[in-house]
Amino acid sequence: MTDILLQTEGLTKHYQVGGSLFAKSQQKVHALDNVNLTLYKREIVGVVGESGCGKSTLAKVLLRLVEPTEGTIRFEGRDITALNRKQMRDIRRDMQFVFQDPFSSLNPRKKVMDLIAEPLDIFRIGTRKDREKRVYELLDIVGLTKNHADRYPHQFSGGQRQRIGIARALALSPKLVICDEPVSALDVSVQAQILNLLQDLQEQFGLSYLFIAHGLDAVRHISNRIAVMYLGKLVEIGDSEEVFTRPRHPYTKALISAIPEIAPDHTEEPIKLTGEIPSPLNPPSGCRFHTRCPFAVERCKTEMPELRTAKDGHAVACHLAETI
Ligand code: ADP
Ligand code: MG
């Protein structure tokens with residue numbers, strides 16, 4: 001028995017944009033490039049990086065809501081990249097998602113009872129009575145009450161709507177929940193409540209999460225490991241505290257330097273990120289971070305660094321990681 005739940009190899013997504021299919025004007029958005037990522041059972045991996053670095057693409061490709069251009073995804077050892085719709089539907093029982101904006105993902109004309117029961121209906125689980133009972137149970141699990149079942153999404157606050165989204169994701173007792181910035185759209189005051197709820201549920205049901213967030217500080221406490229992405233590439237991954245206290249990639253160091261509450265206790269020289277993220281239509285040669293990296297040398301401009309894993313499991317894709 002292996003403890004690996006999900007594993008990607010060379011996972012790549014290039015979106016074709018502009019012009020017709022064969023036109024010269026067509027270009028590729030390098031949204032995700034050659035990503036090798038392993039997620040263990042009962043593990044929370046936080047995924048961070050600036051807007052546009054490919055986090056949501058990763059989530060969607062893993063769920064096969066968009067098709068990868070290249071690479072494989074294994075779920076419990078099974079290659080799910082080649083599965084057809086029906087087979088994939090079965091896998092989705094075990095692989096659910098919670099997205100950023102619960103309002104747009106909940107049908108406004110349906111009552112909460114039907115919204116949460118929908119996955120159970122699709123898989124024809126139990127009788128109508130059983131499903132109703134399960135919905136009440138799920139409402140309780142996410143901190144809502146029976147009375148809420150009769151209402152429509154617009155009658156709830158943002159935080160409550162996200163609770164409904166979470167109840168729906170849990171309806172089929174999945175093994176993995178992919179959370180794409182689940183608290184980013186919420187008021188700061190309720191963000192912690194929803195994070196705590198997700199954390200409790202993970203423990204209670206032995207779930208695994210791929211937990212996408214914009215900033216490192218948002219995932220520090222919830223994640224076992226943190227993966228850092230830059231312009232479609234996975235640039236660093238390791239134990240959460242380790243990445244936080246001893247980041248090895250200059251990009252990760254810069255992200256940490258930018259957190260106001262953290263920066264003062266960090267002994268390291270702060271690294272300030274300058275310049276815009278380059279366009280993913282035409283990513284820089286060599287290391288994609290070289291145009292913004294204060295340490296870049298000639299080699300960084302030409303040779304793409306591989307993600308290398310140290311003995312402690314901490315992996316980094318930087319030619320200079322040992323020396324800086
Ligand atoms: P993130 O979630 O980290 O902000 P995304 O995965 O949403 O990043 O986007 C990665 C890149 O892919 C961005 O440059 C974005 O504009 C582009 N992109 C995302 N979806 C599409 C699409 N359907 N067609 C073309 N480009 C896309
Ligand atoms: Mg996103």
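Modeller: Let's start with a polar contact: that's a pair of N or O atoms within 3.5 Å. Keep in mind that we're looking at a predicted model.

Biologist: Okay, so how far is an oxygen atom of ligand 1 from a polar backbone atom of Gly54?

Modeller: For Gly54, the distance is 3.1 Å. A ligand oxygen also sits 2.6 Å from a polar backbone atom of Gly52, and for the backbone of Cys53 the figure is 3.2 Å. Overall, the protein covers 65% of the 560 Å² of accessible area that ligand 1 has on its own.

Biologist: Which elements give two or more residues to the shell around ligand 1?

Modeller: Those are S1, S2 and H1. The largest share, three residues, is from H1. In total 13 residues surround the ligand, and Gly52, Gly54, Lys55, Ser56 and Thr57 are the closest. By type, the shell has six nonpolar, five polar and two charged residues.

Biologist: Now the sheet. What is the order of its strands?

Modeller: The general idea is that strands of a sheet pair through backbone hydrogen bonds, either parallel or antiparallel. Here you have an open sheet of four strands, ordered S2-S1-S4-S5, and the pairing is antiparallel. Strands S2 (27-40) and S5 (78-79) are the edges, each pairing on one side only.

Biologist: How many bridges join S4 to S5?

Modeller: Two, with S4 covering residues 70-75. If you want one to look at, Arg74 has Asp79 in S5 as its bridge partner.

Biologist: And where does helix H1 lie?

Modeller: Helix H1, residues 55-62, lies across S1 (4-17), S2 and S4, and runs at about 115° to S1.

Terms used
Residues numbered from 1 in each chain as written. Chains lettered and ligands numbered in written order. Predicted model: local features only at pLDDT ≥ 70, side-chain atom pairs only at ≥ 80, totals over all residues. Heavy atoms only, no water. Pairing = 2+ DSSP bridges. Contact = heavy atoms within 4.5 Å. Axes fitted to C-alpha atoms, helices over the stretch in contact; angles between N-to-C directions. Near = heavy atom within 4 Å. Polar contact = N/O pair within 3.5 Å; in protein donor to acceptor, adjacent residues only side chain to side chain. Areas by Shrake-Rupley, 256 points an atom, 1.4 Å probe, with all protein chains shown as cover. Nonpolar A, V, L, I, M, F, W, Y, C, P; charged D, E, K, R; others polar.
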